[in-house]
There are 2 protein chains.
Amino acid sequence: MKLEDAKLKYIHTWGSLATNWGINKTMAQVHALLLVSTKPLSADEIMDTLKISRGNVNMNVRALIDWGIVSKELVVGERKEFFIAGKDIWELFKQVTKERKKREIEPVLKVLDDLKNGVEENSEDAEEFKKLMNDLSSVTTTVNGILDKAIKADEHWLLSNFTKMIKK
Amino acid sequence: MKLEDAKLKYIHTWGSLATNWGINKTMAQVHALLLVSTKPLSADEIMDTLKISRGNVNMNVRALIDWGIVSKELVVGERKEFFIAGKDIWELFKQVTKERKKREIEPVLKVLDDLKNGVEENSEDAEEFKKLMNDLSSVTTTVNGILDKAIKADEHWLLSNFTKMIKK
DNA sequence: TTTTATTTTCAGAAATTATTGAAAGTTAAG
DNA sequence: CTTAACTTTCAATAATTTCTGAAAATAAAA
């Protein structure tokens with residue numbers, strides 16, 4: 001397989017994977033393209049490679065910047081903006097985890113808590129419901145804690161500690 | 001808040017959360033409904049509560065069974081099928097994790113491996129690409145390993161061990 | 001076997017989400 | 001200041017996903 005074909009295959013695979021995880025296909029493709037690129041790319045280059053409109057590039061690049069995984073890069077002698085994606089994959093994982101935690105996990109904990117505390121009733125049914133909210137909250141908190149630790153950890157450290165911990 | 005309102009709020013919140021994670025809203029709502037229900041429910045009851053069609057109930061209940069988080073329950077003297085969701089939330093988390101791992105993580109590892117090995121070239125660019133595929137693969141494998149451990153673990157055991165590990 | 005209850009399927013419709021492209025907005029160069 | 005290069009916005013449209021509902025299939029009861 002030629003290098004360029006492999007790069008394109010990676011871009012497309014990543015795009016279709018993203019849809020499974022509730023992430024816009026084009027956004028994932030733009031990120032993948034910047035990741036495999038050896039130099040910063042302009043909006044025009046992204047448009048041409050992915051065959052998408054200027055508006056689409058603009059929106060998705062902006063979203064990626066908002067997620068903290070793409071940044072603007074100045075190129076001397078050029079007026080246009082260029083973009084790059086960080087090449088440290090463990091950092092990438094941590095950043096995405098951090099954002100999803102903030103955007104999607106923490107709000108859920110809040111709702112579960114409100115639901116648990118919002119019901120005054122003490123019937124058997126109500127107690128069962130409160131227990132359920134509590135269990136959901138407890139599991140979510142456990143997962144959240146693990147993710148928090150992962151965000152602060154070094155990849156190798158995390159894996160080796162985790163492995164040790166499990167073997168005990 | 002009345003108990004019934006809290007249950008409905010939970011069902012709706014769960015539905016909208018699901019869309020963030022690439023899960024069909026109705027599927028999440030059906031699961032949430034079965035989870036808060038104190039008795040097995042028939043297709044008709046699900047239709048009425050969620051105001052959705054018979055076909056939609058059928059498709060989503062079947063998908064939930066396929067995910068291993070809902071099951072059929074026979075009710076004596078009734079000809080219809082009834083459905084229940086397991087109430088053990090840690091089990092639910094483990095089952096969902098196991099399925100997503102199988103459906104979404106493992107295929108990615110395969111693709112990354114193919115891409116890494118499929119490029120014969122040895123230019124600087126090609127080596128950089130292979131390193132990238134390798135890094136993606138390494139992080140994914142680490143995460144996969146942690147999830148594997150979580151799937152086999154008991155919640156309290158995991159949480160307490162994790163807490164200890166964090167404090168070190 | 002025939003009837004009746006129930007479940008399944010799936011083509012078309014509806015709803016949602018993503019994309020385009022052109023106009024408006026910005027910013028830097030001349 | 002004026003012009004040209006570039007970026008942003010967003011209403012219209014396209015693509016995708018989900019849902020409906022009625023017909024076909026299945027299975028239990030009569």
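Modeller: Welcome! Let's begin with one term: contact means heavy atoms within 4.5 Å. Please keep in mind that this model is predicted.

Biologist: Thanks! What share of the interface residues of chain B are also interface residues in chain A?

Modeller: Look at which residues each copy uses where the chains meet. The copies meet through the same surface, because the share of chain B interface residues that are also interface residues in chain A is 100%.

Biologist: What turn lays chain B on chain A?

Modeller: The superposition has an RMSD of 0.1 Å, and the shift along the axis is 0.0 Å. The turn that goes with these values is 180 degrees. The two copies are thus related as by a two-fold rotation axis. So the turn you asked for is 180 degrees.

Biologist: Which residue of chain B comes closest to the rotation axis?

Modeller: Here we go by the C-alpha atoms of chain B. The closest approach is 2.0 Å, and the residue that makes it is B:Gly22.

Biologist: Let's turn to charged side chains. How many salt bridges are there over all chains?

Modeller: Each one needs a side-chain nitrogen of Lys or Arg within 4 Å of a carboxyl oxygen of Asp or Glu. Over all chains, the count by this rule is 31.

Biologist: How far apart in sequence are A:Glu91 and A:Lys94, and which of the two is buried?

Modeller: Their side chains meet in a salt bridge, 3.5 Å from N to O. Both sit in helix H5 (residues 89–118) of chain A, three residues apart, about one turn of the helix. Buried means under 20% relative accessible area. A:Glu91, at 43%, is partly exposed, whereas 11% makes the buried one A:Lys94.

Biologist: Which residue forms a salt bridge with A:Lys102, and is that partner buried or exposed?

Modeller: The closest N and O atoms of this pair are 3.4 Å apart, and the partner is A:Glu99. Because A:Lys102 and A:Glu99 are three residues apart in helix H5 of chain A, about one helical turn separates them. With a relative accessible area of 8%, the partner A:Glu99 is buried.

Biologist: What about A:Lys116 and A:Asp113: which of them is partly exposed?

Modeller: These two form a salt bridge with closest N and O atoms 3.7 Å apart. They too are separated by about one helical turn, being three residues apart in helix H5 of chain A. A:Lys116 counts as buried at 18% relative accessibility, while the partly exposed one, at 33%, is A:Asp113.

Biologist: Which residues do shared salt-bridge partners join into one network?

Modeller: When salt bridges share partners, they can be followed from residue to residue. Here that links four names into one network: A:Asp66, A:Glu99, A:Lys102 and A:Arg103.

Biologist: Now for empty space. Which helix gives the most to the lining of the second largest cavity?

Modeller: The structure holds two cavities of 30 Å³ or more, and the second largest has a volume of about 30 Å³. Its lining includes A:Tyr10, A:Trp14, B:Val108 and B:Leu115. Helix H1 (3–20) of chain A and helix H5 (89–118) of chain B each supply at least two lining residues. The one that gives the most, with four residues, is H5(B).

Biologist: How many residues of that lining, the one of the second largest cavity, are charged?

Modeller: Sorted by class, six lining residues are nonpolar and one is polar. The number of charged residues in this lining is therefore no mystery: none.

Biologist: Where is A:Asn60 found, and is A:Asn60 buried or exposed?

Modeller: A:Asn60 belongs to helix H4 (residues 54–66) of chain A. Leaving aside neighbours within four places in sequence, A:Asn60 is in contact with A:Asn24, A:Thr26, A:Met27 and A:Val30. A relative accessible area of 7% makes A:Asn60 buried.

Biologist: Last one! What value is phi of A:Lys51 near?

Modeller: A:Lys51 lies in the loop between helix H3 (43–50) and H4 of chain A, and at 71% relative accessibility this residue counts as exposed. In chain B, B:Lys51 is also exposed, at 72%, and its phi is near 55 degrees. For A:Lys51, phi is positive in a residue other than glycine, near 55 degrees.

Definitions and conventions. Residues numbered from 1 in each chain as written. Chains lettered and ligands numbered in written order. Predicted model: local features only at pLDDT ≥ 70, side-chain atom pairs only at ≥ 80, totals over all residues. Heavy atoms only, no water. Buried < 20%, exposed > 50% of the residue type's maximum accessible area, 1.4 Å probe, protein only. Least-squares fit on C-alpha atoms with pLDDT ≥ 70 in both. 1 Å grid on protein atoms, 1.4 Å probe; cavity = no way out; pocket = protein on both sides within 12 Å on 5 of 7 lines; lining within 4 Å. Points joined across faces, edges and corners; volume = space filled by probe spheres on them.
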